[in-house]
Amino acid sequence: MKVTGKAPGAAVRITGRLTKALVRALYPPVCLVCRAPGHGDLDLCAPCRSELPWFRHGCAACARRLPDGAGPLCGTCLRRPPAFDPTRALFHYAPPVDRLIAGLKYRGRLAHGRLLGSLWADTLSVPDPLPELILPVPLHPARLRERGFNQALELARPLGQRLGVPVAPALIRRVVPTPSQQGLRGRERRNNVRQAFALSPALACAPPERVALVDDVMTTGSTAGEIARLLRRAGVGRVEVWVLARA
């Protein structure tokens, strides 16, 4: 019997599908918002999905919420254009998305990350042209050891798979263990992250033309702005910011 080189790969794919189907049969999806049966493969029911705070309208540069008909830029970005290019947000930071993100970040509920990452990948409007790299905002090593994972990386992986774009978590490092940004005002946030990041020599030696910087929440844009300035100085031509939710 002749065995082709494709047979092992096909067997792996079939086994993977069967395993996934078995897991779903034993552990059917349950909505993480209301505990009703999930819809399809998501731990989210159809009614709760329809009521999520989908991002509708905001500043073209920083995605700050704007009244209907206003824009395209907010007053802050008109006065002081940010270092990054347009911000893409999936949600406004409001219930229940805020609770799902908090569960992921502060209580280690990775199921929340899988749900949010899947929603983001499934509804992503594919940019043209694509970024050459997806760069998750890093955690300081001490915070990473404490938390056990980087939520930005967990969210970036499904996006990279969806687009076929490499996710490169090692190219940006957080070198200063800055305090949490929660509760800080705009100027305090900017001071808090100043000189908190460094780029890998590999990126600085061969900067890509276009990158997407991925994070879970944008509040003032201070973190994205600090990293974008580093990337610009290194020679990156376009820095888009992709955030799951805009506060």
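## Exercises on salt bridges, a helix and two cores

Arg88 and Glu240 form a salt bridge, with 2.8 Å between the closest N and O atoms (a salt bridge being a side-chain nitrogen of Lys or Arg within 4 Å of a carboxyl oxygen of Asp or Glu). The model is predicted, so local features need pLDDT of at least 70 and side-chain atom pairs pLDDT 80 or more, while totals for chains, interfaces and linings use all residues. Residues are numbered from 1 along each chain as its sequence is written, and side-chain values use heavy atoms, leaving out hydrogens and water.

**Exercise 1.** Place Arg88 and Glu240 in the fold, and say which is buried and which is partly exposed.

*Solution.* Start with the elements: Arg88 lies in strand β1 and Glu240 in strand β6, so the pair ties together parts 152 residues apart in sequence. (Strands are DSSP runs of E, at least two residues, and helices are runs of H or I, at least four, numbered from the N terminus.) Next, look at accessibility: Arg88 is partly exposed at 31% relative accessible area, whereas Glu240 is buried at 7%. (Buried means under 20%, exposed over 50%, and partly exposed in between, with a 1.4 Å probe and protein chains only.) Finally, widen the view: Arg88, Arg238 and Glu240 are linked in a network of salt bridges.

**Exercise 2.** Now try Asp85 and Arg232: where does each one sit?

*Solution.* First, their side chains meet in a salt bridge, 2.8 Å from N to O. Asp85 is in the loop between α3 (75-79) and β1, and Arg232 is in helix α10, 147 residues apart. Then check exposure: Asp85 counts as buried at 16%, and Arg232 as partly exposed at 30%.

**Exercise 3.** Work out how covered helix α4 (residues 97-107) is, and what packs against its buried residues.

*Solution.* Count first: eight of the 11 residues of α4 are buried, among them Val97, Leu100 and Lys105. Then find the partners of these buried residues, which include β1 (87-92), α5 (110-123) and β6 (238-246). Just past the helix, Gly108 takes a positive phi of about 65°.

**Exercise 4.** Describe the largest nonpolar core (buried Ala, Val, Leu, Ile, Met, Phe, Trp, Tyr and Cys residues joined through side-chain atoms within 4.5 Å).

*Solution.* This core has 34 residues, and Phe84, Leu135, Leu203 and Leu231 have the most contacts inside it. Its largest share, six residues, comes from α10. Apart from it lies another core, of 30 residues, including Cys31 and Leu90.

Technical notes:
Contact = heavy atoms within 4.5 Å.
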